[in-house]
Amino acid sequence: MDGTLSPQSAPYVRVVDLETSGRDAAHGGVVEIGWQDVMHTPDGWHLAAPPCAQLTYPGGPIAPWTTAIHHITDQDVCDAPPITAVAPAILHPPARPQAFAAHRASFEQTWLRALLPPTLMAGTRWICTYKCALRLWPDEPGHSNQGLRYSRRPAGLEKHLGNPAHRAGPDAYVTAHHLRDMLALASVEQLLRWSRQPALLVKVPHGPLRGRRIGTLTSSDLDRLLASPKPPGPDLAFALRTERARRAGRDEASVQQLALPL
């Protein structure tokens, strides 16, 4: 059924992906935006057809190291419209989505907030499929967009539509498959709640215990990491405190109080 639905026919979530010309919006712009809708029907969630993408002029030259990632050149975008001309139709279509989604959605949100008028981002709600993947599939070997693609092998994902990686349309298409599978396990509202919280990391990301699963650390390891002179960062701190609370037998509601609002 994937690939046959109209975005006007059912409630939907719109996946968005950006490719950029630099490290941050102060030193670059958007060179491509891609989007893919995931629709809700009586028999579940399905991808609508097809994935879409639009090249955009970033306002200046593309850094060579970013071209090396997505292979979009200055010549490719010299006649393209700016993101400010393209974004309104994507973020405010006639039939509004229930939410927007992206893998590591803080990236898309940060760039769009920096480059667009505040009115375009007002009222938009974002699902982070990276944060939700950590919750729903903690035992996967990795939680990157492409890592999940190859470890989970989502049903119906067509290779030619998911390639090349690091282009906005194919990446949105891959993310949409993860989102579809997440929505079979949790509601839109639950995914939004998890997305507002720090990432519930499964493994220690750095330091002497790098790569260790947080659930296997000793209580003294948890305390030592939390008391480290170098702050562990909001995601790791949240994961460590949640694990410590779980071992203390605290219920779900009290554990959620550990979340820091974004």
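## Overall build and cores

The protein has 13 helices and six strands; these are DSSP runs (helices H or I, at least four residues; strands E, at least two), numbered from the N terminus. Its radius of gyration, taken over C-alpha atoms, is 19 Å, close to the 18 Å that the globule rule gives for 262 residues, so the protein is as compact as a globular protein of that length. That rule is 2.2 Å times the number of residues to the power 0.38.

This is a predicted model: local features need pLDDT of at least 70, side-chain atom pairs count only at pLDDT 80 or more, and totals for chains, interfaces and linings use all residues. Residues are numbered from 1 along each chain as its sequence is written, and side-chain values use heavy atoms, without hydrogens and water.

Buried means under 20% relative accessible area (1.4 Å probe, protein chains only). By that cut-off, 50% of the 262 residues are buried.

There are two separate nonpolar cores to look at. Each is a set of buried Ala, Val, Leu, Ile, Met, Phe, Trp, Tyr and Cys residues joined through side-chain atoms within 4.5 Å.

| Core | Residues | Members include |
|---|---|---|
| Largest | 38 residues | Ile 33, Trp 126, Leu 201, Ile 214, Leu 217, Leu 240 |
| Second | 25 residues | Leu 47, Leu 148, Ala 172, Trp 194 |

The six residues named for the largest core touch the most other members. Domain 1 (12-196) and domain 2 (203-258) both give residues to this core, so it lies between them. The domain bounds come from an automatic or database assignment.

Ile 33 has contacts (heavy atoms within 4.5 Å) with residues including Val 16, Cys 52, Ile 83 and Ala 168.

Methods. Lists of a residue's contacts leave out its neighbours within four places in sequence.
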